Amino acid sequence: MVRKMLWSLGGILLAAVLLVGGFLLYVTLTDYKPKPTEPVAVANNPERMLRSGDPFAITTFNIGYAGLDQNEDFFMDGGTHSRSSSKEQTLTNLNGIGSFLTNTNSGIILIQEVDVKSSRSYDVNEVDALQAVLPDYGLSYADNYKVPWVPVPLLHPMGHVHGGIMTLSKYKSTAATRFDLPGKEKWPRQQFDLDRAFIENRIPVENGKELVLVNLHLSAFDKGGSIRKQQLQFLGEYIAQEAKKGNYLILGGDWNHSLPGTDPKAFQTTQDWPEWLQPFPQSFKPKGFEWAVDKNTPSVRTVDVPYREGVNFRAVIDGFLVSPNVEIVKVKGHDLKHEFSDHNPVTAEFRLK
């Protein structure tokens with residue numbers, strides 16, 4: 001009897017090992033491995049030319065896959081959820097995001113965490129949905145999260161994920177490129193993590209120069225920030241190369257650092273400074289570059305608990321870094337109270353000198 005029970009237990013353990021091993025083999029063999037640089041198609045590319053001296057606005061918005069509205073938490077930040085609460089809520093959030101972006105009348109829109117087909121957003125194609133409500137924009141999209149199945153949290157797994165970053169522009173792009181960012185987690189964690197990247201759009205200016213536009217989303221949860229250091233070093237080298245050409249540079253998006261000139265302590269909270277959030281390193285100082293941020297409006301909240309005014313820790317991690325030949329006219333963070341996303345959008349107005 002005992003021997004029979006041991007054989008049964010051994011069989012169960014062997015089956016479990018084979019199942020887990022087979023799954024890890026599958027996700028390893030199917031792991032998304034982008035090249036260092038890849039061309040990105042520009043759909044609906046407009047003919048409008050950007051002119052020096054004319055003001056234009058850019059909005060950046062991490063939409064949290066239209067699933068991290070004010071009533072949600074997220075397991076990676078200490079919460080319990082890994083998906084939007086429902087498909088209906090996903091569509092409600094997406095409609096609110098689309099309506100807001102339409103009303104900004106921005107010439108360029110930078111979006112992060114937009115899904116194509118993911119369990120966490122109930123397979124809603126958010127790229128198509130946003131393109132439909134913003135038909136006057138050219139669209140560049142690049143993957144940065146493509147995993148057949150994320151098995152955590154165990155009881156309510158995130159599931160399959162296919163999402164990325166998206167740039168919308170009313171100005172003509174002569175080229176768009178996906179740049180893979182360095183720094184990877186160890187196996188097998190990397191097989192379930194994002195492949196961080198940025199989209200570069202090259203936008204011609206009437207004076208013969210180019211606006212080099214970068215839409216980025218840096219790492220957040222790497223322990224010790226070692227991956228973020230590699231990414232910033234890569235960005236610094238990229239900026240130096242482009243600056244030598246005399247072009248205009250605007251880098252915007254979710255930097256996942258407390259940005260220079262801002263202080264999270266300015267925002268009321270009952271929570272401690274979260275471990276994942278690091279101050280932006282002072283060593284990163286491209287010569288003559290300036291930050292376009294709104295220090296008075298938080299752009300992100302902690303998502304270990306749903307949003308409650310004065311409770312969640314908040315900070316400014318979304319904004320723009322611009323070259324010396326770009327004038328910052330004004331910057332405004334939009335305090336949407338995190339109604340549709342854990343982030344608030346930021347709009348800046350620029351003028352090319």
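Let me start with Asn-256, which, once residues up to four places away in sequence are set aside, touches Arg-196, His-217, Leu-218, Ser-219, Ala-220, Arg-228, Trp-276, Leu-277 and Ile-317. Please keep in mind throughout that what we have on the screen is a predicted model. Asn-256 sits in a loop, the one that runs between strand E10, residues 248–254, and strand E11, residues 290–292. Is this loop residue buried or exposed? Asn-256 counts as buried because its relative accessibility is 5%, and the cut-off for that word is under 20%.

Two of those partners take us on to the pockets. Ala-220 and Arg-228, which both touch Asn-256, are also among the residues that line the second largest pocket, and Trp-276, another contact of Asn-256, belongs to that lining as well. The volume of this second largest pocket comes out at about 220 Å³. Others in its lining include Asp-77, Arg-189, Asp-222, Lys-223 and Glu-275, and by class the lining is made up of six charged, four nonpolar and two polar residues.

The largest pocket, for its part, has a volume of about 790 Å³. Which residues lie nearest its centre? They are Phe-74, Met-76, Asp-193, Leu-194 and Phe-221, out of a lining of 40 residues; of these, Met-76 and Phe-221 are also found in the lining of the second largest pocket. Sorted by class, the lining of the largest pocket holds 19 nonpolar, twelve charged and nine polar residues. Strand E5, residues 138–150, and strand E12, residues 300–301, each contribute at least two residues to that lining, and E5 provides the largest share, which is three residues.

Staying with E5 for a moment, the loop between E5 and strand E6, residues 159–169, is where Pro-153 is placed, and the peptide bond leading from Val-152 into Pro-153 is cis, with omega near -10°.

Another proline to look at is Pro-34, in the loop between helix H1, residues 2–29, and strand E1, residues 37–39. Pro-34 has a relative accessible area of 14%, and therefore it is buried. Apart from its neighbours within four places in sequence, Pro-34 is in contact with Arg-178, Asp-180 and Asp-195. Pro-34 and Asp-263, by comparison, are 229 residues apart in sequence, and their C-alpha atoms are 36 Å apart in space.

Now to the helices. The axes of helix H2, residues 87–104, and helix H3, residues 126–133, come within 10 Å and cross at roughly 40°, and the crossing is right-handed. On the H2 side we find Thr-90, Leu-94, Ile-97, Gly-98 and Thr-102, and these meet Glu-126, Ala-129, Leu-130 and Val-133 of H3. By class, that contact consists of five nonpolar, three polar and one charged residues.

Following the chain out of H2, we come to Asn-105, in the loop between H2 and strand E4, residues 108–115. Asn-105 has a phi near 55°, a positive value in a residue that is not glycine. Why do we call Asn-105 exposed? The reason is its relative accessible area of 60%, given that exposed means over 50%. Glu-113, which is placed in strand E4 itself, likewise has a positive phi, of about 55°, although Glu-113 is not a glycine.

Terms used. Residues numbered from 1 in each chain as written. Predicted model: local features only at pLDDT ≥ 70, side-chain atom pairs only at ≥ 80, totals over all residues. Heavy atoms only, no water. Helix = DSSP H or I, 4+ residues; strand = E, 2+ residues; numbered from the N terminus. Buried < 20%, exposed > 50% of the residue type's maximum accessible area, 1.4 Å probe, protein only. Contact = heavy atoms within 4.5 Å. Axes fitted to C-alpha atoms, helices over the stretch in contact; angles between N-to-C directions. Left-handed = near helix turned anticlockwise from the far one by under 90°. Nonpolar A, V, L, I, M, F, W, Y, C, P; charged D, E, K, R; others polar. 1 Å grid on protein atoms, 1.4 Å probe; cavity = no way out; pocket = protein on both sides within 12 Å on 5 of 7 lines; lining within 4 Å. Points joined across faces, edges and corners; volume = space filled by probe spheres on them.
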